[in-house]
Amino acid sequence: MIRQATADEIATIVELKLRMFEEAGIKHYLKAEASAEIHATYAEMYRNLLAIHFVLEEEGSIVACAGAFLKSDIPYCFYETDCYGFIGDVYVMPEYRNRGYARRLTEEAISWLQAGGVKTIRLLASPAGRHLYETMGFKPTHEMELKL
């Protein structure tokens, strides 16, 4: 069953996010206190209606999630539509993969963002997730990155 996460479930969402970072091999980028900081940030965003997570439960436990965020950083804050949607925290526990859960949760996130009036949705795709997002209509952009 897919449903909206509650603020009381943010700790579970953070745990899944940390698993995702670990599996992607990028957990070392996180601050030592990242878990508490992510939790506080998400709680504030939930209160301000700037974020939502959708979760999928099996046998009473959350096994997958996807987040939708309203962001308004530069240059979007200067546009007529001053924010964009961001999809993140798309994670399915390994034993529940290949069942279409990531797609279904991402579709829920897209619907929430559309209802919020965004015109652009962005996300960061892992190599494993890239094909899924391409089949959903996401396109690579002209964005460039320099790692220092």
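This report describes the fold of one chain, the packing of two of its helices and a few points of its backbone.

The model is predicted, so local features are given at pLDDT of at least 70 and side-chain atom pairs at pLDDT 80 or more, while totals for chains, interfaces and linings use all residues. Residues are numbered from 1 along each chain as its sequence is written, and side-chain values use heavy atoms, with hydrogens and water left out.

**Overall fold**

The chain holds 4 helices and 5 strands, where helices (H or I, at least four residues) and strands (E, at least two) are DSSP runs numbered from the N terminus. Read from the N terminus, the elements follow the order β-α-α-β-β-β-α-β-α. The chain is as compact as a globular protein of its length, because its radius of gyration of 15 Å is close to the 15 Å that the globule rule gives for 148 residues; this radius is taken over C-alpha atoms, and the rule is 2.2 Å times the number of residues to the power 0.38. Along the principal axes, the C-alpha trace spans about 45 × 35 × 30 Å. Of contacts (heavy atoms within 4.5 Å) between residues at least 6 apart in sequence, 63% join residues at least 24 apart. Buried residues account for 40% of the 148 residues, where buried means under 20% relative accessible area, exposed over 50% and partly exposed in between, with a 1.4 Å probe and protein chains only.

**Helices α1 and α2**

Helix α1 (residues 10–23) packs against helix α2 (residues 34–47) at an angle of about 130°, and their axes are 10 Å apart; axes are lines fitted to C-alpha atoms, for helices over the stretch in contact, and angles run from 0 to 180 degrees between N-to-C directions. The two helices are therefore oblique to each other, given that angles under 35 degrees count as roughly parallel, over 145 as roughly antiparallel, 65 to 115 as roughly perpendicular and the rest as oblique. On the α1 side the contact includes I10, V14 and L18, and on the α2 side it includes I38, Y42 and Y46.

**Backbone features**

A cis peptide bond, with omega about 5°, joins I74 and P75, and P75 lies in the loop between β3 (61–71) and β4 (84–92). Two residues that are not glycines have a positive phi, as the table sets out.

| Residue | Phi | Location | Relative accessibility |
|---|---|---|---|
| L49 | about 60° | loop between α2 and β2 (51–58) | 65%, exposed |
| D89 | about 60° | strand β4 | 5%, buried |
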